[in-house]
Amino acid sequence: MRAQCRPTLNLKQIQDDKADSQFNYKLPFLLNYGTIKAMNEKAENITIRKMESEDIDRIIEIEEQAYGSHHWSKASFFQELSNELAWYYSLINSENKLVAYAGTWHILEEAHITNIAVAKDYRHHGYGEALLKHIVDDCYKEKIKYITLEVRVSNTPAINLYTKYGFSSFGLRKKYYQDNNEDAMIMWTKNIFYDEFKIPFEKLSKKLEEKILING
Ligand SMILES: CC(C)(COP(=O)(O)OP(=O)(O)OC[C@H]1O[C@@H](n2cnc3c(N)ncnc32)[C@H](O)[C@@H]1OP(=O)(O)O)[C@@H](O)C(=O)NCCC(=O)NCCS
């Protein structure tokens, strides 16, 4: 299976990444991440819930829009739904339509984003951001400290989204994507329990919640 962000679950590579990086392993403080959401009448109500096998036909439609002929197969998604490391989410908008999804693997103290995509007609509504926020919130709940992913170097929308949320580049994997030999940028967060990540994340979350109320 060729993933959109990370093609294979390669623990050796993950260990190498960690050895190369310059993380500062300080003790995390206890997070008191509030669940209070100011009710804003103008905000759109959406739901982010666990992906279900019934979602997969619609998800394949969005995959095709997002990745063309290199999209994942139905079998890949079914495989992911039975992968015990995997957390997959579907986003249902206020019209009750599945318009976006994302997936991560939780491996010890790290989360690896494997995929995040929004249907073409529904981009720029903040749904990519809502999914990323949901991923980070789950990482807090699961006491995961770091989040990582790979992204095509040409994928400006995705790189901007991740950069906005505190990810930075930790180097390239040369010719990582086999379809066109494109390099992958490896991105990591800092420890998400540190103020350096947490304070801007909370500000962004608040701003997003003025626009979108996330149920789930
Ligand atoms: C990347 C993607 C998920 C963004 O989803 P989205 O719902 O359209 O994005 P949002 O509306 O939440 O935008 C959030 C931020 O992303 C960045 N962004 C989104 N679209 C962008 C674009 N076309 N150009 C530049 N930056 C963009 C911006 O930083 C934006 O913040 P801003 O509104 O303050 O400028 C979407 O473009 C997509 O599905 N792309 C195809 C699949 C893909 O490449 N996935 C990533 C694989 S690693």
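Which element supplies the largest share of the shell around the ligand? Helix α5 does, with six residues. This is a predicted model, and the report below covers its confidence, its fold, its core and its ligand shell.

**Confidence**

Mean pLDDT for the protein is 86. A value of 70 or more is reached by 81% of the residues. Two stretches fall under 50. Residues 8-12 stay under 50, and the model gives them one contact beyond four places in sequence. Residues 14-38 are also below 50, with 15 contacts in the model beyond near neighbours in sequence. Where pLDDT is low, the predicted coordinates should not be read in detail.

**Fold**

The protein has 216 residues, of which 34% are buried. Six helices and eight strands make up its elements. Read from the N terminus, their order is α-β-α-α-β-β-β-α-β-α-β-β-α-β. Among contacts with a separation of 6 or more, 64% join residues 24 or more positions apart.

The eight strands appear in an open sheet with mixed pairing, in the order β6-β7-β5-β4-β3-β2-β1-β8. Its edges are β6 (168-177) and β8 (212-215), each paired on one side only. On average, neighbouring strands are turned by 25 degrees against each other, direction ignored.

Inside the sheet, β2 (residues 86-92) and β3 (residues 98-107) are antiparallel partners, joined over seven bridges. Y89 has A102 in β3 as its bridge partner.

**Core**

Which residues have the most contacts inside the largest nonpolar core? They are Y89, L91, A100, Y101 and L131, in a core of 53 residues. Helix α4 (residues 127-141) gives this core its largest share, seven residues. Nonpolar side chains tend to be buried together in soluble globular proteins.

A100 illustrates the packing. Leaving out residues up to four places away in sequence, A100 touches L91, A117, V118, A119, Y122, Y127, G128 and L131. Two of the names in that list, L91 and L131, recur among the core residues with the most contacts.

**Ligand shell**

The shell around the ligand holds 22 residues. Those that come nearest are R123, G128, E129, P157 and L161. Four elements each supply at least two shell residues: β4 (110-118), α4, β5 (146-152) and α5 (156-164). G128 also ties this site to the core, as one of the residues that A100 touches.

**Backbone outliers**

Most residues other than glycine have a negative phi. Two residues here depart from that pattern, N96 and K175.

| Residue | Phi | Location | C-beta neighbours inside 10 Å |
|---|---|---|---|
| N96 | near 65 degrees | loop between β2 and β3 | 7 |
| K175 | about 50 degrees | strand β6 | 11 |

Are these two residues buried or exposed? N96 counts as exposed because it has 7 C-beta neighbours inside 10 Å, and a residue is exposed at 12 or fewer. K175 has 11 such neighbours, so K175 is exposed as well. N96 sits in the loop joining the antiparallel pair β2 and β3. K175 lies in β6, an edge strand of the sheet.

Key
Residues numbered from 1 in each chain as written. Predicted model: local features only at pLDDT ≥ 70, side-chain atom pairs only at ≥ 80, totals over all residues. pLDDT = per-residue confidence, 0-100. Contact = placed C-beta atoms within 7 Å. Pairing = 2+ DSSP bridges. Axes fitted to C-alpha atoms, helices over the stretch in contact; angles between N-to-C directions. Core = buried A, V, L, I, M, F, W, Y, C linked by C-beta atoms within 7 Å. Buried ≥ 20, exposed ≤ 12 C-beta atoms within 10 Å, placed from the backbone. Near = placed C-beta within 6 Å.
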